[in-house]
Amino acid sequence: MNSKIFARTGFWIMTAAMAVTALSAQTPAGQAPPAGQPPAPQGRGGGRGGLPPVVSPEVNADKSVTLRFRAPNAKEVTVIGELDGKTYPMAKNDAGVWEVKIGPLAPDVYNYQFNADGVVTMDPTNPSVKLGFGAFPPASMFEIPGDEFDDAKDVPHGTVRVETYHSKTLGVPRTLWIYTPPGYERGNTRYPVFYLLHGAGNIDSSWMLTGRANYIMDNLIAEGKAKPMIIVNPLGYARMGIGTGPERPVTGAAPAGAPPAAPGGAAGGGAFGKDVIDDVIPFVEAKFRTLKDQPNRALGGLSMGGGQTVAIGFANPDKFHSIVVMSAGGQNLEQSYPDFFKDPAATNKKLKLLWVGIGKDDKLVMAGNNALKESLTKANIKHTYRETEGRHEWVVWRHHLREVAPLLFR
């Protein structure tokens, strides 16, 4: 399944299907539905078993949002997620529908889940889904209008495709989500490449489906604010690609029972870092019209992907012209990357941009972020540091991409 090309419609068909799959998986056949929810609807119609449909989410004119969830037998329901750092209790009406009004909220895209008597679930009436992975379950999303930098506008659009490659490092098939800028298919121009990594609980599609990186880039390019570039999103775990076949063990990964790696893994990024350097970059440069040199490669990532960016980028400054670290950091970096820190003049000459950003209320990784900033400052390594509004969430990272993309390849 090479070069699957997705338009906007295809994106949301996919996410809607994921939502249905996730919801149905919560109630195995023969078991009662969680948290007092009635059985799944049979046949056609807007409501469950003839009940009136639940409208959720409902974005209001005052930029608040009303969320509703039918669970007549539940004892307590709350809304959790990336919602201003808070948990919101819901109230149940006589029809067994729980409801809460949140906001007003600043214009942006938010994700949320319902917690019904300890069972976390998405909003069954909302097709907009943030996919999850591992210990991070999927969530529903809504948008407060007013900030259109990541919306689809009437401008030329690039193409998002899925590419499958065989990783010699890991010995398994893996996938890449790749954005090519408007006009790529019609010309012979070669482009710089931004290798952009996701965080823990995300997958290779997350920067496009949740982060809206393709629309952010379309709009920046149309406004003349960013150079046209290719963006490559690999799967950030040392495992085979999701949905590529029966799960197989990989080569080069840590053995079972090994202690967990630090954020970003070992210096160089471990098996994942080796896959990026030895498999992903050669594959992309062989198949796409790229500019195949250090001045035309950038590496960046958020959270776990930011740690991987430090691990891979600091170990390979000859490979990347720019390094972008979002909501991540690291301790004792001078010991882990002595070549990077021992000759600041050489490092500064190699790197055009070293950008470090974080939300000012990010309590999860602020300590590591501060350690990174202090290491760079002490070593006199040139860098741009940005502390913006927000916490450890996608609301921050979309804005970071909007800010940093215009700085690349200038």
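**Whole chain**

Start with the full chain: ten helices and 19 strands. The model is predicted. Colour by burial next. Of the 410 residues, 52% are buried. Switch to a surface view. About 18,000 Å² is exposed, and carbon and sulfur atoms supply 55% of that area. Now think about contacts with a separation of 6 or more. Residues 24 or more positions apart account for 74% of them.

**Stop 1: the four-stranded sheet**

Select strands 2, 3, 6 and 7. They make an open sheet in the order 2-3-7-6, with antiparallel pairing. Look at the edges. Strand 2 (58–59) and strand 6 sit there, each pairing on one side only.

Move inward to strand 3 (residues 65–70) and strand 7 (residues 97–102). Six bridges hold this antiparallel pair. Show side chains at F69 and W98: F69 stands opposite W98 in strand 7.

Go on to strand 6 (residues 91–92). Two bridges join it to strand 7, again antiparallel. Here the bridge partner of K92 is W98. Strand 6 and strand 7 form a hairpin, with four residues between them. Click G96 in that turn: its phi is positive, about 85 degrees.

Keep F69 selected. Add Y110, Y112, F114 and F142. Together with F69, these residues form one aromatic cluster.

**Stop 2: aromatic pairs around helix 4**

The structure holds 14 aromatic pairs. Select Y165 and F283. How far apart are the ring centres of Y165 and F283, and at what angle are the planes? The centres are 5.8 Å apart and the planes stand at 40 degrees, so the pair is tilted. Y165 is in strand 12 (residues 159–167) and F283 is in helix 4 (residues 270–287). The two lie 118 residues apart, so this pair links distant parts of the chain. Both partners are covered. Y165 counts as buried at 4% relative accessibility, and F283 counts as buried at 19%.

Step to Y184 and F288. This aromatic pair is tilted too, at 6.2 Å centre to centre and 45 degrees between the planes. Y184 is in the loop between strand 13 (172–180) and strand 14 (193–197). F288 is in the loop between helix 4 and strand 16 (297–302). The pair links distant parts of the chain, 104 residues apart. Y184 is buried, with a relative accessible area of 7%. F288 is buried as well, at 4%.

Stay on Y184 and add R289. Which ring face does R289 lie over? R289 lies over the face of Y184, at 4.1 Å from the ring centre. For another case, jump to K373 and Y385. K373 lies over the face of Y385, at 4.4 Å from the ring centre.

**Stop 3: G300 in strand 16**

Select G300, which is placed in strand 16. Is G300 buried or exposed? G300 is buried, with a relative accessible area of 0%. Display its surroundings. Leaving out residues up to four places away in sequence, G300 touches F194, Y195, L196, L197, T309 and V324. Draw a distance from the C-alpha of G300 to that of I323. It reads 5.6 Å, for residues 23 apart along the chain.

**Stop 4: the nonpolar core**

Nonpolar side chains tend to be buried together in soluble globular proteins. The largest nonpolar core here has 39 residues. Which of its members touch the most other members? Select F194, W207, M217, I231, M326, L401 and L408. F194 is also a contact of G300.

Centre on W207. Again leave out residues up to four places away in sequence. W207 touches L196, L197, H198, R212, A213, N233, L302, M326, W394, W397 and L401. L196 and L197 are among the contacts of G300 too.

**Stop 5: helix 10**

Finish on helix 10 (residues 394–404). Eight of its eleven residues are buried, so the helix is largely enclosed by the rest of the structure. Select the buried ones: W394, V395, V396, W397, R398, H400, L401 and V404. Then bring W207 back into view. W394, W397 and L401 are among the residues that W207 touches.

How values were computed. Residues numbered from 1 in each chain as written. Predicted model: local features only at pLDDT ≥ 70, side-chain atom pairs only at ≥ 80, totals over all residues. Heavy atoms only, no water. Phe/Tyr/Trp six-rings, centres within 6.5 Å; stacked < 30°, edge-to-face > 60°. Buried < 20%, exposed > 50% of the residue type's maximum accessible area, 1.4 Å probe, protein only. Lys NZ or Arg CZ within 6 Å of the ring centre and 35° of its normal. Contact = heavy atoms within 4.5 Å. Areas by Shrake-Rupley, 256 points an atom, 1.4 Å probe, with all protein chains shown as cover. Pairing = 2+ DSSP bridges. Core = buried A, V, L, I, M, F, W, Y, C linked by side-chain atoms within 4.5 Å.
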